[in-house]
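Please examine the sequence and the three-dimensional model shown here. The account that follows is best read with both in view.

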Amino acid sequence: MLGDGPSLTAICTAFLGLGLLGSCLSLLRWWASVPIITILCIWGMVLLDDLYSEDLYPVYSSHPEFLYTATIVIVTGAFLPIVGIAVNFTRRLKKTK
């Protein structure tokens, strides 16, 4: 762990875990993943704001791979439920044809 910020393991576990949960929920009902998407987007913005703040950024700027990986994981975690919604809609469209 660098500085006082969260570790990359914690970020990966939280965002990818919630993203997979939202993806599974969206396969049941598309609207069930909307709260997960909202939580992930707001939490991701707050976390990225903290990582790029003046207090922690000098610590993380010496390790840019941490910032790149954290950003990719946050975006991927928020995008997984959206992929689940798309799969649900395409599955529904195939059933109606």
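The following paragraphs proceed from the overall fold to the core, the surface and selected residues.

This is a predicted model, in which local features need pLDDT of at least 70 and side-chain atom pairs count only at pLDDT 80 or more, while totals for chains, interfaces and linings use all residues. Residues are numbered from 1 along each chain as its sequence is written, and side-chain values use heavy atoms, with hydrogens and water left out.

The chain contains four helices and zero strands, and its pattern along the sequence reads α-α-α-α. Helices (H or I, at least four residues) and strands (E, at least two) are DSSP runs, numbered from the N terminus. The C-alpha trace spans about 55 × 20 × 15 Å along its principal axes. The radius of gyration of the chain is 16 Å, whereas a compact globule of 97 residues would have a value near 13 Å. That radius is taken over C-alpha atoms, and the globule rule is 2.2 Å times the number of residues to the power 0.38.

Contacts in the chain can be described by sequence separation. A contact means heavy atoms within 4.5 Å. Among contacts between residues at least 6 apart in sequence, 76% join residues at least 24 apart.

Of the 97 residues in the chain, 28% are buried. Here buried means under 20% relative accessible area, exposed means over 50%, and partly exposed lies in between, with a 1.4 Å probe and protein chains only. The chain exposes about 6200 Å², of which carbon and sulfur atoms supply 71%. These accessible areas come from the Shrake-Rupley method with a 1.4 Å probe; for residues, only the protein chains shown count as cover.

The interior comes next. In soluble globular proteins, nonpolar side chains tend to be buried together. A nonpolar core is a set of buried Ala, Val, Leu, Ile, Met, Phe, Trp, Tyr and Cys residues joined through side-chain atoms within 4.5 Å. The largest such core has 14 residues, and those that touch the most other members are Ile-11, Phe-15, Leu-47, Leu-51, Tyr-60 and Phe-66. At least two residues of this core are supplied by each of helix H1 (8–28), helix H2 (34–51) and helix H4 (64–96). H4 gives the largest share, six residues. Leaving aside residues up to four places away in sequence, Leu-47 touches Pro-6, Ile-11, Phe-15 and Ile-74.

Which residues of helix H1 touch Pro-81? Among them are Gly-22, Ser-23 and Ser-26. Gly-22 lies in H1 and counts as buried because its relative accessible area is 0%. Apart from residues up to four places away in sequence, Gly-22 touches Ser-33, Ile-36 and Pro-81. Ser-23, also in H1, is buried because its relative accessible area is 16%; with the neighbours up to four places away set aside, Ser-23 touches Leu-80, Pro-81 and Gly-84. Ser-26 is another residue of H1, and its relative accessible area of 0% is why Ser-26 counts as buried. Under the same sequence exclusion of up to four places, Ser-26 touches Ser-33, Pro-81, Gly-84, Ile-85 and Asn-88.

Leu-28 is likewise found in H1, but Leu-28 counts as exposed because its relative accessible area is 62%. Although Leu-28 and Asn-88 are 60 residues apart along the chain, their C-alpha atoms are separated by 7.9 Å. For Gly-22 and Lys-95, 73 residues apart in sequence, the C-alpha to C-alpha distance is 23 Å.

On the surface, Leu-27, Phe-79, Ile-82, Val-83 and Val-87 make a nonpolar patch of about 380 Å². H4 contributes the largest share of the patch, four residues. Patches are made of residues with over 30% relative accessible area and no salt bridge, with like charges joined within 9 Å and nonpolar side chains (Val, Leu, Ile, Met, Phe, Trp, Tyr) within 5 Å. A salt bridge is a side-chain nitrogen of Lys or Arg within 4 Å of a carboxyl oxygen of Asp or Glu. Ile-82 belongs to H4 and counts as partly exposed because its relative accessibility is 38%.

Tyr-68 also lies in H4, and its relative accessibility of 55% is why Tyr-68 counts as exposed. From Tyr-68 to Ala-86, 18 residues along the sequence, the C-alpha to C-alpha distance is 27 Å. His-63 is placed in the loop between helix H3 (57–61) and H4, and is partly exposed because its relative accessible area is 31%.
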